[in-house]
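Trainee: I'd like to go through the labels on this one and hear the reasoning behind each. Can we take them one at a time?

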Amino acid sequence: MRRCTRCGSELNEQAKVCPVCGTPVDEERAHLRRMVIVMLVAAIVVAALLVLRSRQLSGGADNLTAAASAIGTAAAMWPLQ
């Protein structure tokens, strides 16, 4: 069974709203979808920053340009809606 993200009560699979707090299930799904997208973008940014930092430590301005390009490419792959 699913749980309401607002109040934590159990939701029936056919429920359109939470029986306790009245939160629409579609709103809940949209919220979860947004959270997943934000988490993916954050993970990509952190990974890109780690790559950037490791390349800086190994030296070279060319590596800095490549890492910045990777960040831009990753951001373009996951546009927020």
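Mentor: Sure. Contact here means heavy atoms within 4.5 Å. Keep in mind that this is a predicted model.

Trainee: Which residues does Ser9 touch, not counting residues up to four places away in sequence?

Mentor: By that cut-off, Ser9 touches Arg2, Arg3, Cys4, Cys18 and Val20. Ser9 itself sits in the loop between β1 and β2.

Trainee: And why is Ser9 called buried?

Mentor: Buried means under 20% relative accessible area. Ser9 has 15%, so it counts as buried.

Trainee: What makes Arg2 and Glu13 a salt bridge?

Mentor: The cut-off is 4 Å from a side-chain nitrogen of Lys or Arg to a carboxyl oxygen of Asp or Glu. Their side chains are at 3.9 Å, N to O, so the pair passes. Arg2 lies in strand β1 and Glu13 in the loop between β2 and α1, so the bridge ties together parts that are 11 residues apart in sequence.

Trainee: How many salt bridges are there in the whole structure?

Mentor: The search finds 2. Glu10 and Arg3 also meet in one, at 3.5 Å, N to O.

Trainee: Why are Glu10 and Glu13 called partly exposed?

Mentor: That label covers values between 20% and 50%. Glu10 is at 46%, so it falls in that range. Glu13, at 48%, gets the label by the same rule.

Trainee: Now the cysteines. How do you know that Cys18 is in no disulfide?

Mentor: A disulfide is a covalent bond between the sulfur atoms of two cysteines. Here the sulfur atoms have to be within 2.5 Å, and the count comes to 0 disulfides. For Cys18, the nearest cysteine sulfur is that of Cys7, 3.5 Å away, so the pair fails the cut-off. For Cys21, the nearest is that of Cys4 at 3.6 Å, so that pair fails too.

Trainee: Are Cys18 and Cys21 buried or partly exposed?

Mentor: Cys18 is buried, with a relative accessible area of 2%. Cys21, at 32%, counts as partly exposed.

Trainee: Last one: what makes the pairing of Thr23 with Arg6 a polar contact?

Mentor: The N or O atoms must be within 3.5 Å. The side chains of Thr23 and Arg6 are at 3.3 Å, so the distance fits. Thr23 is in the loop between β2 and α1, and at 4% relative accessibility it counts as buried. Thr23 also touches other residues, including Cys4, Lys16 and Val17.

Notes. Residues numbered from 1 in each chain as written. Predicted model: local features only at pLDDT ≥ 70, side-chain atom pairs only at ≥ 80, totals over all residues. Heavy atoms only, no water. Helix = DSSP H or I, 4+ residues; strand = E, 2+ residues; numbered from the N terminus. Buried < 20%, exposed > 50% of the residue type's maximum accessible area, 1.4 Å probe, protein only. Polar contact = N/O pair within 3.5 Å; in protein donor to acceptor, adjacent residues only side chain to side chain.
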